[in-house]
Amino acid sequence: MITSKQRATLRAMANSAETIVQIGKDGIGENLIRQAQEALTARELVKLRVFDTSPVTAREAAQQLAVATGAEIVQVIGTRFVLFRRNAENPQITL
């Protein structure tokens, strides 16, 4: 569990981050979960986007992916959301 100060730090870092994973009309499937897990392992902090054609909202997608990947939701704004999961072997972000 991250604290509110840590969450604020992660939100600031996510402002300049590019959107890596995009959720479209197929919604959240095995391939998307695997892609999100790989991105979280490599970067720890990942920004995702939900297209209008997606069957899930950004908040629903954030909750589902957080559970599936073991990540924490940093923020949800509009169609974008940010997930964080510390890499136990090689941490890149110090909070």
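# A tour of the sheet and its helices

Select residues 45–50 and 80–84: these are strands S2 and S4, which pair in the antiparallel sense over five bridges. Strands (E, at least two residues) and helices (H or I, at least four) are DSSP runs numbered from the N terminus, and two strands pair if DSSP finds at least two bridges between them. The model is predicted: local features need pLDDT of at least 70 and side-chain atom pairs pLDDT 80 or more, while totals for chains, interfaces and linings use all residues. Residues are numbered from 1 along each chain as its sequence is written, and side-chain values use heavy atoms, without hydrogens and water.

Within this pair, Leu 45 stands opposite Phe 84, and Leu 48 stands opposite Phe 81. Of the five residues of S4, four are buried (under 20% relative accessible area, 1.4 Å probe, protein chains only).

Next, show the whole sheet. It is open, has four strands in the order S1-S2-S4-S3, and its pairing is mixed. S1 (19–23) and S3 (72–77) are the edge strands with a single partner each, so one side of each has no neighbour in the sheet. From one strand to the next the twist averages 25 degrees.

Now add helix H1, residues 4–15, which packs on the sheet and touches S2, S3 and S4; contact means heavy atoms within 4.5 Å. The direction of H1 makes about 55 degrees with that of S3. Helix H3, residues 58–69, lies across S1, S2, S3 and S4 and runs at about 15 degrees to S4. Axes are lines fitted to C-alpha atoms, for helices over the stretch in contact, and angles run from 0 to 180 degrees between N-to-C directions.

Go to S3 and S4, which run antiparallel and are joined by five bridges. Gln 75 has Val 82 in S4 as its bridge partner. The hairpin has two residues between the strands, and Gly 78 there has a positive phi near 60 degrees.

Select Lys 47 in strand S2. Which side chain of opposite charge is nearest to Lys 47? The answer is Glu 18, 9.6 Å away; Lys 47 is buried and has no salt bridge (a side-chain nitrogen of Lys or Arg within 4 Å of a carboxyl oxygen of Asp or Glu). A polar atom of the Lys 47 side chain lies 3.2 Å from the backbone oxygen of Ala 17.

Finish at Glu 44, in the loop between helix H2 (30–43) and S2. Glu 44 counts as buried, at 0% relative accessibility, and its phi is positive, near 75 degrees, in a residue other than glycine.

Key. Buried < 20%, exposed > 50% of the residue type's maximum accessible area, 1.4 Å probe, protein only. Lys, Arg positive; Asp, Glu negative; His and termini not counted. Polar contact = N/O pair within 3.5 Å; in protein donor to acceptor, adjacent residues only side chain to side chain.
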